[in-house]
Amino acid sequence: MEKTIAASDLIINADGSIYHLNLRPEDIADTIITVGDQERVPEVSKYFDKIELKKGKREFITHTGYIGKKRITVISTGIGTDNIDIVLNELDALANIDFEQRQVKENHKTLQIIRLGTSGSINKDVEMGSILASSHGLGLDSLMHYYERSLNAEDKALEQQIQSSLQDLSLSPYLTSASASLLNSLAADIPKGITVTAPGFYAPQGRKVRAINKIHNLIERLTSLNLNHHPITNLEMETAGIYALANALGHEAISINAILANRLNFEFATNPALIVENMLKNVLEKLA
């Protein structure tokens, strides 16, 4: 008999919805777009031909609807891999756990998870204002230190090379590749590179304001890595967690990035909304 999941491990609200997201299993589509900013959810769903559901709790806003005959969910995650831990686990539970029996379903459902987010370039070949697909997510945070992982041989070799190169920084990076099928269907015409996911926005991404940074040359150390034709291209705060948890839970994931900053030239876009809008249109047209 399947193990029953404890009430304290899987918290279900009185209305049958999952604890943080406030969603029931029937509320989500198999194709899920994640955005960090809750105000970006309606910027995505305005392209839907029909919206059948709008729900929200805390920073987690969800719209589910259709583009043509394709059912799509868009959900805001908030910032950081701590929030990704909540969102990915609860989306998986909605898809793969019987809430009444509190047991894992016999037939696993694979979700397609598409992050549409913003990022800053740390590579001279990635221009501010462009769109970039993450071939891999490289996590500098600690999320995946708490989960068992299974990597393919190429990812494992790349991860070990990066860990060895950065061991003097007291970091233990983890690396996971994107879904090959989603890269092919949504990003065949988009430049690709390794996206670095940091556990913060300021010093963890090499920014200097008032507090003194412990790692003074983080961006230089990252961009100097020679990873066999896999350039490190950009910095943000969610991709690595999405890729690694999606892999651990048996889902497909891709991250598409609107490049709003050039960290090498210390520049930030004057038209960020337009860059984000171009990214949304690019991906949604392909999904449709």
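User: Why does Y202 count as partly exposed?

Analyst: Good place to start, and please keep in mind that this is a predicted model. The relative accessibility of Y202 is 48%. Buried means under 20% and exposed means over 50%, with partly exposed in between. Since 48% falls between those two limits, Y202 counts as partly exposed.

User: What makes the rings of F201 and Y202 a pair, and what kind of pair is this?

Analyst: Their centres are 5.0 Å apart, and rings pair if their centres lie within 6.5 Å. The planes stand at 80 degrees, and an angle over 60 counts as edge-to-face. So the rings of F201 and Y202 form an edge-to-face pair. The structure holds 1 aromatic pair.

User: Why describe it with two numbers?

Analyst: A pair of aromatic rings is described by the distance of the centres and the angle of the planes.

User: Is F201 buried, exposed or partly exposed, and how do you know?

Analyst: F201 has a relative accessible area of 40%. That value lies between 20% and 50%, so F201 is partly exposed.

User: Which charged end sits over the ring of F201, and how do you know?

Analyst: The charged end of R207 sits there, 3.8 Å from the ring centre. The distance limit is 6 Å, and the charge must also be within 35 degrees of the ring normal. With a distance of 3.8 Å, R207 meets the first condition, and R207 is listed as sitting over the ring. There is also K57, which lies over the face of Y19 at 4.8 Å from the ring centre.

User: Where else does F201 appear, for instance around the largest pocket?

Analyst: F201 is one of the residues that lie nearest the centre of the largest pocket, together with I79, T118, S119 and E238. This pocket is lined by 24 residues and has a volume of about 480 Å³.

User: Which element gives the largest share of that lining?

Analyst: β7 does, with 5 residues. The elements that give two or more residues to the lining are β1 (31-35), β7 (112-121), β11 (232-236) and β12 (252-262).

User: What is the make-up of the lining of the largest pocket by class?

Analyst: The lining has 9 nonpolar, 8 polar and 7 charged residues.

User: How do you know that the span of helix α2 agrees with what is expected?

Analyst: Helix α2 covers residues 81-96, which makes 16 residues. At 1.5 Å a residue, these should span 22 Å, and the end C-alpha atoms are 22 Å apart, so the two agree. Helix α7 (residues 272-287) also has 16 residues, and it reaches 23 Å, close to the 22 Å expected.

User: What makes α2 mostly covered?

Analyst: In α2, 12 of the 16 residues are buried. Among them are I84, V87, L88, L91 and L94. In α7, the buried residues include I275, V276, M279, L280 and V283.

User: Why is L138 called buried, while R58 is called exposed?

Analyst: L138 has 0% relative accessibility, and buried means under 20%, so L138 counts as buried. L138 lies in strand β8 (residues 131-139). For R58 the value is 52%, and exposed means over 50%, so R58 counts as exposed. R58 is found in the loop between β2 (50-57) and β3 (60-67).

User: Which value puts A7 in its accessibility class, and where is A7?

Analyst: The value for A7 is 53%. That is over 50%, so A7 counts as exposed. A7 is placed in the segment before β1. Its C-alpha atom is separated by 45 Å from that of L274, 267 residues apart along the chain.

User: What is notable about the phi of R102 and of F266?

Analyst: Phi of R102 is near 55 degrees, and phi of F266 is about 60 degrees. Both are positive values in residues that are not glycine. Most residues other than glycine have a negative phi.

User: Are R102 and F266 buried or exposed, and how do you know?

Analyst: R102 has 18% relative accessibility, which is under 20%, so R102 counts as buried. F266 has a relative accessible area of 77%, which is over 50%, so F266 is exposed. R102 is found in the loop between β5 (97-98) and β6 (103-104), and F266 is in the loop between β12 and β13 (267-268).

Note on methods
Residues numbered from 1 in each chain as written. Predicted model: local features only at pLDDT ≥ 70, side-chain atom pairs only at ≥ 80, totals over all residues. Heavy atoms only, no water. 1 Å grid on protein atoms, 1.4 Å probe; cavity = no way out; pocket = protein on both sides within 12 Å on 5 of 7 lines; lining within 4 Å. Points joined across faces, edges and corners; volume = space filled by probe spheres on them. Helix = DSSP H or I, 4+ residues; strand = E, 2+ residues; numbered from the N terminus. Nonpolar A, V, L, I, M, F, W, Y, C, P; charged D, E, K, R; others polar. Expected span 1.5 Å × (residues − 1). Buried < 20%, exposed > 50% of the residue type's maximum accessible area, 1.4 Å probe, protein only. Phe/Tyr/Trp six-rings, centres within 6.5 Å; stacked < 30°, edge-to-face > 60°.
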